[in-house]
Amino acid sequence: MRKQLVSWKHWLGSAVALGLLGGCSSLPRYGNPELPRTEQAPPLDYFSVAWWAPLVTPTLMEYAPREVATPAYDGLSKTVIALTRDGFIRGIDSDGKVKWSKKTSTRFAAGARVSDGVAFVPGGDGTLYALDAATGEEKWKYAAGESLATVPVISEGLVLVASESDTLFAVKAADGVWAWQYRRDPPSGFSVRGASTPLVRDGDVYVGFSDGYVVSLAMRDGSANWEKSLSGSGNEFLDVDSTPVMDEHGQLYVASYKSGIYALEAESGDLVWTSSVGGMTSLLSKGKMLFAVGDGRVDAYLAEDGRLLWTHPLGERAAQAPVFAKGMLIVPIQRALLFLDPKTGQSRVSWNPGDGVSATPFVAGSKLFVLSNNGWLYALDFNGLKG
C-alpha cells in the first residue's frame with residue numbers, strides 16, 4: 001500500500017495506545033500516521049518525514065510490540081533492508097514501496113549489513129543469509145545452528161557475526177564457507193539479552209562476551225591475542241555486550257554491565273581508566289568524547305581520562321545503541337527516539353511514532369531510516385542541518 005508523501009507538520013508529545021490504522025483514506029494529513037490526528041504545535045524544524053511504509057500486520061493478541069533490528073541501506077540500488085518481528089526480510093525502494101520480501105521461520109535479533117550490493121542477514125533461525133540487496137535473490141546461506149544476534153561485520157573477505165550462545169562465527173563473504181569460530185561458555189546465571197558486535201581494526205578483532213570477558217583475536221584465524229575479565233566474580237549479569245569502540249589514538253573502550261566502562265590499550269588489553277557506572281549497554285566514540293547509554297541514563301565522558309561531562313536521566317527507561325548524525329546524538333529509548341545535544345546532553349526533540357522505537361536508526365547521508373515498534377519504516381530528512 002503506497003502512502004502519499006507529506007512533511008512533518010505537527011507534534012505528538014506522548015504515546016497513545018492505538019493499533020495500526022486501516023486504509024489509506026484513514027491516514028491523517030497532519031501528525032503521525034500511527035496515531036490519531038491532532039492539532040498541536042509543531043516541533044523544532046529538525047526533520048521532516050519523506051515517506052513511511054507499514055510492514056508488519058498487527059495481531060489482536062500482541063502486547064507492547066518491539067522491533068529491534070536496525071535497518072540497512074544499499075546505496076547502489078537505493079534499497080532499504082528491513083528485518084521485522086514477523087520473520088520477513090524486505091527490500092524497500094526510495095519511495096517506500098516493498099520491492100521484494102523473503103520469509104524466515106522466526107523474528108530477528110539484529111539488523112542486516114550491506115556491502116557491495118549484498119545484504120548479509122543474521123537470522124534468528126540460526127542461518128546467515130547473503131541476498132542480492134536489489135532483488136532479494138539468495139546468493140548463499142550458512143547454517144550456524146545458533147540464533148544470530150549481531151549486525152554482521154565484513155572485513156578482509158570475511159563476515160563476522162555473533163550468536164546468542166556466545167559464539168563468534170567467521171565465514172567467507174564470497175561463498176559462505178566456514179573460516180573459523182571462537183566460543184566462550186556462557187555463565188550459569190542470568191545474563192542481559194543481546195551480544196557484542198565485533199570491532200575490526202588493523203587485522204585484529206575485538207569482541208565482548210556474556211561471561212564478562214573482552215578478547216582480542218587475530219582476524220586471519222581467530223586465535224586469541226589477549227583475553228581480559230572485566231566483571232569480576234559471580235555468575236549473573238556479567239555481560240560485556242557493548243560493541244567495542246576505538247578512538248583515533250587506538251584506545252579501546254568497552255562496557256561491563258556489572259562493573260562499568262573500561263578504557264584499554266588495544267594492543268595489550270592493559271587498563272587505562274575505568275568508570276564504575278554499571279548498567280551501560282552501548283558506547284559511541286566521537287572525537288574527544290565517549291557516549292554511553294543503558295539503564296536509565298545517557299552519559300558523556302572525556303575519552304582521555306573518563307571524566308563525566310554530563311548525564312541525561314531517563315527514569316525507568318532503557319536506552320539502546322545510539323547513532324550520531326547532523327550534529328545530534330540520536331538515542332532509541334523504546335518509547336521514543338531522543339535527539340540530544342552532544343555538548344550539553346539537553347534534549348532537542350523526542351519523537352514517538354506510535355509505540356516508540358527500540359531499533360537503532362540507520363544514517364544514510366541526509367536521511368535517517370527508522371523502524372518503529374509497530375513495524376512501520378520511516379525515512380526522515382534532516383532539513384539541511386549540518387554536521
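How do the residues of the lining of the largest cavity divide into nonpolar, polar and charged? The model is a predicted one, where local features need pLDDT of at least 70, side-chain atom pairs count only at pLDDT 80 or more, and totals for chains, interfaces and linings use all residues. Residues are numbered from 1 along each chain as its sequence is written, and side-chain values use heavy atoms, with hydrogens and water left out.

Rolling a probe the size of a water molecule over the atoms shows where empty space is left. A cavity here is a set of points, on a 1 Å grid over the protein atoms alone, where a 1.4 Å probe fits but cannot get out. Counting those of 30 Å³ or more gives 3 cavities. The largest holds about 50 Å³, a volume being the space filled by probe spheres set on the points. Its lining (residues with an atom within 4 Å of a point) includes Ala162, Asp166, Phe209 and Asp241. As for the opening question, the split is 4 nonpolar, 5 polar and 2 charged, with Gly counted as polar.

Then there is threonine 104, in the loop between strand S5 (98-103) and strand S6 (113-115); strands are DSSP runs of E, at least two residues long, numbered from the N terminus. Threonine 104 is buried, at 6% relative accessible area (buried means under 20%, with a 1.4 Å probe and protein chains only). Leaving aside residues up to four places away in sequence, threonine 104 touches Gly87, Ile89, Asp125 and Tyr129, contact meaning heavy atoms within 4.5 Å. The side chain of threonine 104 also reaches the backbone oxygen of glycine 87 at 2.7 Å.

Conventions:
Helix = DSSP H or I, 4+ residues; strand = E, 2+ residues; numbered from the N terminus. Buried < 20%, exposed > 50% of the residue type's maximum accessible area, 1.4 Å probe, protein only. Polar contact = N/O pair within 3.5 Å; in protein donor to acceptor, adjacent residues only side chain to side chain. 1 Å grid on protein atoms, 1.4 Å probe; cavity = no way out; pocket = protein on both sides within 12 Å on 5 of 7 lines; lining within 4 Å.
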